Amino acid sequence: KLKIMTKITIKETQNPTILKFEFEDFITQNQSFEFKNIDEAQASPLAQQLFYLPFVKTVYISGNFIAIERYSIVEWDDVKDAVAEQITSFVDKGGVIIKVEETQAKKQPITVYGETTPNPAALKFVVSRMLTRNAVEYKNIDQTASSPLAKELFKFPYVKEVFIDENYISVTKYDINDWQEITLEVRTFIKQFIENGGTVLDESLIEVATKNDITKDEAFDKLDVTSQQIINILEEYVKPAVAADGGNIAFDSYNEEDKTVKVILQGACSGCPSSTFTLKSGIENMLKSMLNDEAIKVEAVNA
């Protein structure tokens with residue numbers, strides 16, 4: 001019988017006292033643990049074992065890694081290989097990293113696949129079930145009260161923005177990583193988060209939803225006829241097209257004097273180099289022909 005050896009990669013972190021020991025696969029599902037001493041580490045036989053090392057101050061277990069914070073009595077260079085070896089041999093002998101509670105709900109298997117968008121910085125992760133009826137955009141972690149999933153995604157250093165709509169999550173990244181380096185990690189994370197019962201969106205906390213549809217309808221009724229026509233065209237023709245690319249577009253205003261339509265770009269459309277072109281050529285031309293007015297211009301409030 002072949003013995004599968006655990007492979008561990010040692011990675012430095014921004015904090016010189018903390019070192020990460022990464023596994024090839026996830027070792028915990030959607031949960032993160034932090035143990036300060038052997039008594040706190042009841043849930044992790046491995047962490048308890050690590051606390052026998054005199055320099056171990058804190059053990060963190062999350063995703064596919066164990067991170068250890070050391071006391072300053074040693075340097076990592078002197079002990080890191082021995083620690084990696086101890087973790088490897090513990091796991092290879094069948095040691096338990098984290099005791100999973102049997103009470104956890106049965107998993108709901110789902111599929112998640114990554115889809116490119118016209119915006120090279122954004123990728124659309126399509127989930128095999130509906131997630132929300134309200135499109136929600138998060139520009140930073142402080143806005144994520146309504147989405148535990150978005151909050152967790154912002155903990156990845158390369159995640160810049162998160163946009164959730166219907167059955168997909170559109171993630172915009174910083175330039176520090178290429179998609180090929182991180183797509184698998186993000187896709188696996190989203191899949192496991194949802195399968196393990198994590199909350200994608202708490203609809204009751206979405207601010208957009210509270211400005212409920214009644215006020216939307218009232219506002220619509222107060223608009224001039226051209227604005228109403230523009231909104232209807234955007235809803236019917238433009239939104240489905242940009243949604244396919246992981247984006248969203250919302251009507252902001254229409255100025256009758258200079259015939260300027262202002263729209264707000266969200267999701268993959270936001271900050272996309274080709275979105276200005278899409279606006280100008282596609283949406284502007286469509287409005288010109290449908291409203292029979294060549295003077296119409298389209299601008300993005302946030303482009």
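## Two helices and a three-stranded sheet

In this predicted model, helices α7 and α8 pack at an angle of about 125°, and their axes lie 11 Å apart. That angle makes α7 oblique to α8. The crossing of the two helices is right-handed.

Which residues of α7 and α8 meet? On the α7 side they are Thr226, Gln229, Ile230, Ile233, Leu234, Tyr237 and Val238, and on the α8 side Ile283, Met286, Leu287, Met290 and Leu291. Sorted by class, this contact has ten nonpolar residues, two polar ones and no charged ones.

Now let's turn to the sheet. Three strands form an open sheet in the order β11-β12-β13, with mixed pairing. Strands β11 (247–255) and β13 (297–300) stand at the edges with a single partner strand each, so one side of each has no neighbour in the sheet. From one strand to the next, the twist averages 30°.

How do β12 (residues 260–267) and β13 run, and how many bridges join them? They run parallel, and four bridges join them. One pairing you can look for involves valine 263, whose bridge partner in β13 is alanine 300.

Both helices also touch the sheet, as this table shows:

| Helix | Residues | Strands in contact | Angle |
|---|---|---|---|
| α7 | 225–244 | β11 and β12 | about 165° to β11 |
| α8 | 275–291 | β11, β12 and β13 | about 145° to β13 |

So here is the picture to explore in the structure: α7 packs on the sheet, α8 lies across β11, β12 and β13, and the two helices pack against each other as well.

Key. Residues are numbered from 1 along each chain as its sequence is written. This is a predicted model: local features need pLDDT of at least 70, side-chain atom pairs count only at pLDDT 80 or more; totals for chains, interfaces and linings use all residues. Side-chain values use heavy atoms; hydrogens and water are left out. Two strands pair if DSSP finds at least two bridges between them. Axes are lines fitted to C-alpha atoms, for helices over the stretch in contact, and angles run from 0 to 180 degrees between N-to-C directions. Contact means heavy atoms within 4.5 Å. Angles under 35 degrees count as roughly parallel, over 145 as roughly antiparallel, 65 to 115 as roughly perpendicular and the rest as oblique. A crossing is left-handed if the near helix is turned anticlockwise from the far one by less than a right angle, and right-handed if clockwise. Ala, Val, Leu, Ile, Met, Phe, Trp, Tyr, Cys and Pro count as nonpolar, Asp, Glu, Lys and Arg as charged, and the others, Gly among them, as polar.
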